[in-house]
Amino acid sequence: MGNQLNGRCLCGEVSYRVEERFHAFYLCHCAQCQKVTGSGFAANILTSPDNINWLSGSDKITNYEDSLRSFSKAFCQICGSGVPHINKSGTNLVVPAGSLVDQPLKSPTANLFHPESPRWLKHGLLAKSFDGYPE
Ligand SMILES: [Zn+2]
Ligand SMILES: [Zn+2]
């Protein structure tokens with residue numbers, strides 16, 4: 001048995017638990033991930049399709065499948081947060097890293113579709129940092 005990690009969406013309706021036996025941890029910079037996150041990249045952990053214990057709200061999840069690149073996404077119907085889902089080919093459970101409450105021990109293993117990364121992301125990571133909103 002691996003380390004147990006809890007996860008939930010922002011509103012708390014959807015919650016789950018996964019065991020930390022992860023195959024990969026990808027930061028994906030593709031154009032689809034930028035659209036679906038509204039940000040610069042998606043952070044997705046891959047694990048076995050059966051490695052999920054839904055604690056609540058599994059009936060509050062909507063799945064979206066895009067025709068490009070076998071891209072799929074699942075989100076909470078109430079708050080829109082990305083939540084775990086089985087990929088289109090059925091080979092992996094995709095866990096959005098930001099939906100985890102507990103920090104995984106594993107670090108990202110690769111950056112995917114890196115040439116599609118927006119120019120502002122690299123510059124943004126080097127910008128001045130604040131503990132909260134700027135004064
Ligand atoms: Zn939610
Ligand atoms: Zn992507």
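1. A word on terms before we start: a residue is called buried under 20% relative accessible area, exposed over 50%, and partly exposed in between. Cys 11 has 37% relative accessibility, so it goes down as partly exposed. Keep in mind throughout that this is a predicted model.

2. Cys 11 is a good way into the first metal site. The zinc ion (ligand 1) takes its protein donors from the SG atoms of Cys 9, Cys 11, Cys 76 and Cys 79, at 2.3 to 2.4 Å. The angles among those four donor atoms run from 104 to 111 degrees, and the site comes out as tetrahedral. Along the chain, the donors of the zinc ion (ligand 1) are spaced as C-x1-C-x64-C-x2-C. Cys 11 sits in the loop between β1 (4-8) and β2 (15-19), while Cys 79 sits in the loop between β7 (72-76) and β8 (85-86), so this pair ties together parts that are 68 residues apart in sequence. Cys 79, at 27% relative accessibility, is partly exposed too.

3. On to the other metal. The zinc ion (ligand 2) is coordinated by the SG atoms of Cys 28, Cys 30 and Cys 33, at 2.1 to 2.3 Å. Here the donor spacing reads C-x1-C-x2-C. Two of these donors are worth checking for accessibility: Cys 28 is buried at 9% relative accessible area, and Cys 33 is buried at 4%. If you plan to look at this site, note that water is not among the atoms, so sites may look incomplete.

4. Now the sheet around β2. Three strands make an open sheet in the order β1-β2-β5, with antiparallel pairing. β1 and β5 are the edge strands, each pairing on one side only. On average, neighbouring strands of this sheet are turned by 25 degrees against each other, ignoring direction. Between β1 and β2, which run antiparallel, there are five bridges. Gly 7, for instance, has Tyr 16 in β2 as its bridge partner.

5. Tyr 16 turns up again in the aromatic count, which comes to one pair. What makes the pair of Tyr 16 and Trp 54 edge-to-face? The ring centres are 6.0 Å apart and the planes stand at 65 degrees, and planes over 60 degrees apart count as edge-to-face. Since Tyr 16 belongs to strand β2 and Trp 54 to strand β5 (residues 53-56), the pair ties together parts that are 38 residues apart in sequence. Is each partner buried or partly exposed? Tyr 16 is buried, with 0% relative accessible area, whereas Trp 54 is partly exposed at 30%.

6. Next, packing. In soluble globular proteins, nonpolar side chains tend to be buried together. The largest nonpolar core in this model has eleven residues, including Leu 5, Tyr 16, Val 18, Phe 22, Phe 25 and Leu 93. β2, β3 (24-28) and β9 (93-96) are the elements giving two or more residues to this core. Another core, of six residues, lies apart from it, and its members include Val 14, Ala 74 and the zinc donors Cys 9 and Cys 76.

7. A last spot to look at is Lys 106, in the loop between β9 and β10 (110-112). With 28% relative accessible area, Lys 106 is partly exposed. Its C-alpha lies 8.6 Å from that of Ala 24, although the two residues are 82 apart in sequence.

Definitions and conventions: Residues numbered from 1 in each chain as written. Chains lettered and ligands numbered in written order. Predicted model: local features only at pLDDT ≥ 70, side-chain atom pairs only at ≥ 80, totals over all residues. Heavy atoms only, no water. Donors = N, O, S within 2.8 Å, 3.2 Å for Na, K, Ca; no water. Tetrahedral: all angles 85-135°; square planar, octahedral: opposite > 155°, others 65-115°. Helix = DSSP H or I, 4+ residues; strand = E, 2+ residues; numbered from the N terminus. Buried < 20%, exposed > 50% of the residue type's maximum accessible area, 1.4 Å probe, protein only. Phe/Tyr/Trp six-rings, centres within 6.5 Å; stacked < 30°, edge-to-face > 60°. Core = buried A, V, L, I, M, F, W, Y, C linked by side-chain atoms within 4.5 Å. Pairing = 2+ DSSP bridges. Axes fitted to C-alpha atoms, helices over the stretch in contact; angles between N-to-C directions.
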